[in-house]
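Grab a pencil and work through a few exercises on the protein shown here. Try each task on your own before you read the solution under it.

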Amino acid sequence: MDRVNMSIAILPMSAEFGWNPQTVGLIQSSFFWGYLLTQIAGGIWADTVGGKTVLGFGVVWWSIATALTPVAAKLGLPFLLVVRAFMGIGEGVAMPAMNNILSKWVPVSERSRSLSLVYSGMYLGSVTGLAFSPLLIHKFGWPSVFYSFGSLGVVWFTTWATKAYSSPLEDPGISTAEKKLITSQSTAGEPVKTIPWKLILSKPPVWALIVSHFCHNWGTFILLTWMPTYYNQVLKFNLMESGLFCVLPWFTMAVSANVGGWIADTLVSRGVSVTTVRKIMQSIGFLGPAFFLTQLSHVNSPAMAVLCMACSQGTDAFSQSGLYSNHQDIGPRYAGVLLGLSNTAGVLAGVFGTAATGYILQHGSWDNVFEVSVALYLVGTLVWNVFSTGEKILD
């Protein structure tokens, strides 16, 4: 919710402050400057001290930054860029921390479903943010979006602080039998004390994760940050319609991520190798969006364009059972660090992709934007299928 609200609020903010597309691209990408800084640091922190502390810190930090966004915008562009970067610092630790927690709590046979379920919270958050932002803006003005969404993080933290635990061994609320069941089927082991960087970076499957994450996130982050603008400028939807129609692709992702997780775990339980399953799921996650984005230049109605966007995002969500599950496959003890490492590449794609989109739109067209995304999806497909593995390669 806190990440997508700017993609809606940027429309009235641009009108009020007189920002051109390149300035909008700069503002959208400034979030990623901070997000980039804490990916690997968040992974190291989570793998050494536990995911509960790290995720709690992240949510409080980015909630405060969200609430400060309207103040910063009125002070001037440099202040807004700094606050958006600060928000990224908080959000940067979230995914490594979540990956660390899941590696401790979830057996291998439930890995795809659990990760898809947790990550679908991000998609449903996007749905909620995109649905409610236009309503709040229409009734109370654009600053209300940041004040209301930012305050929700504090509410979440009060529950998290009392109910969450980094691993089942720390949780007094579950039985000894359940702890034994989880720990016997989990592959995470003890918290790490040192990170074997040379060993990690010498493994081709690690580099397959890094390259594939970059290729995947280029298209995903462009859609995340620029979709309302596309609906408004190309399809001529108003602010309310832009927000509401943006909901459909993210809702589709929430559903298809869980369908993909169920399919992946079912295949694994029936004896299909984890490597084969990860390659199948990620190929769908790359080739599906590539196909549907190529269709956007051929459709003649807004309804068909929205359908193509929904299908693109729906097939993209199969990545949760592909590359996003793979960190726990190849190095469960280092799941946070590996996610931080590959997501650093993914964030670089966000930084360059959102900024490049503003530049491309000033000098080209939306067709050019989609062509770049499709090319990277195809590169990702090739790299993933040649170099990835579902086997444990890091002890």
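The exercises below go from the whole chain down to single residues, and the model they use is a predicted one.

**Exercise 1. The overall build**

Task: Find how many helices and strands the protein has, and work out whether its radius of gyration agrees with that of a compact globule or not.

Solution:
- Step 1. Start with the secondary structure: the protein has 17 helices and zero strands.
- Step 2. Next comes the expected value. For 395 residues, a compact globule would have a radius of gyration near 21 Å.
- Step 3. Now compare. The protein comes out at 20 Å, which agrees with the globule value.
- Step 4. For the outline, take the box along the principal axes: the C-alpha atoms fill roughly 60 × 45 × 35 Å.

**Exercise 2. Inside and outside**

Task: Say what share of the residues is buried, and what the accessible surface consists of.

Solution:
- Step 1. You need one cut-off here: a residue is buried when its relative accessible area is under 20%.
- Step 2. By that rule, 58% of the 395 residues count as buried.
- Step 3. Turn to the surface. The accessible area is about 15500 Å², and carbon and sulfur atoms account for 69% of it.
- Step 4. Finally, look at who touches whom. Take the contacts between residues at least 6 apart in sequence: 83% of them join residues at least 24 apart.

**Exercise 3. Salt bridges across the chain**

Task: The structure holds four salt bridges. For the pair Glu91 and Arg3, explain which parts of the chain are tied together.

Solution:
- Step 1. Check the distance: the side chains of Glu91 and Arg3 meet with N and O 3.0 Å apart. That fits the cut-off for a salt bridge, which is within 4 Å.
- Step 2. Place both partners. Glu91 is in helix H5 (residues 77-92), while Arg3 sits in the segment before helix H1 (5-17), so the bridge ties together parts that are 88 residues apart in sequence.
- Step 3. Add the burial: Glu91 has a relative accessible area of 8%, so it counts as buried.

**Exercise 4. Two arginines in one helix**

Task: Arg111 and Arg113 each form a salt bridge with an aspartate. Decide for each of the two arginines: buried or partly exposed?

Solution:
- Step 1. Take Arg111 and its partner Asp329, whose closest N and O atoms are 2.8 Å apart. This pair links helix H7 (residues 111-140) with helix H15 (residues 323-330), and the two residues are 218 apart in the sequence.
- Step 2. Read off the accessibilities. Arg111 is at 3%, so it is buried, and Asp329 at 6% is buried too.
- Step 3. Move to Arg113, which meets Asp265 at 2.8 Å, N to O. Arg113 is in helix H7 and Asp265 in helix H12 (residues 239-269), so this bridge ties together parts 152 residues apart in sequence.
- Step 4. Arg113 has 37% relative accessibility, so it is partly exposed. Its partner Asp265 has 4% and is buried.
- Step 5. One more thing: salt bridges with shared partners join Arg111, Arg278 and Asp329 into one network.

**Exercise 5. Who are the neighbours?**

Task: Gln320, Ile10 and Thr275 each have contacts beyond four places in sequence; find out which residues they touch.

Solution:
- Step 1. Gln320 is in the loop between helix H14 (302-316) and H15. With a relative accessible area of 3%, this residue is buried. Its contacts are Leu115, Ser116, Tyr119, Tyr123, Ala257 and Ser325.
- Step 2. Ile10 belongs to helix H1 and is buried at 1% relative accessibility. Ile10 is in contact with Trp19, Val24, Ile27 and Gln28.
- Step 3. Thr275 is part of helix H13 (residues 274-295). At 17%, Thr275 is under the 20% limit, so it still counts as buried. Thr275 touches Ser388, Thr389, Gly390 and Glu391.

**Exercise 6. Sequence distance and space**

Task: Find how far apart the C-alpha atoms are for Ser126 and Phe251, and then for Ile10 and Gly340.

Solution:
- Step 1. Ser126 lies in helix H7 and is buried, at 6% relative accessibility.
- Step 2. Along the chain, Ser126 and Phe251 are 125 residues apart, and their C-alpha atoms are separated by 8.2 Å.
- Step 3. For Ile10 and Gly340, the sequence gap is 330 residues and the C-alpha separation is 28 Å.

How values were computed
Residues numbered from 1 in each chain as written. Predicted model: local features only at pLDDT ≥ 70, side-chain atom pairs only at ≥ 80, totals over all residues. Heavy atoms only, no water. Helix = DSSP H or I, 4+ residues; strand = E, 2+ residues; numbered from the N terminus. Buried < 20%, exposed > 50% of the residue type's maximum accessible area, 1.4 Å probe, protein only. Contact = heavy atoms within 4.5 Å. Rg over C-alpha atoms; globule rule 2.2 N^0.38 Å. Areas by Shrake-Rupley, 256 points an atom, 1.4 Å probe, with all protein chains shown as cover.
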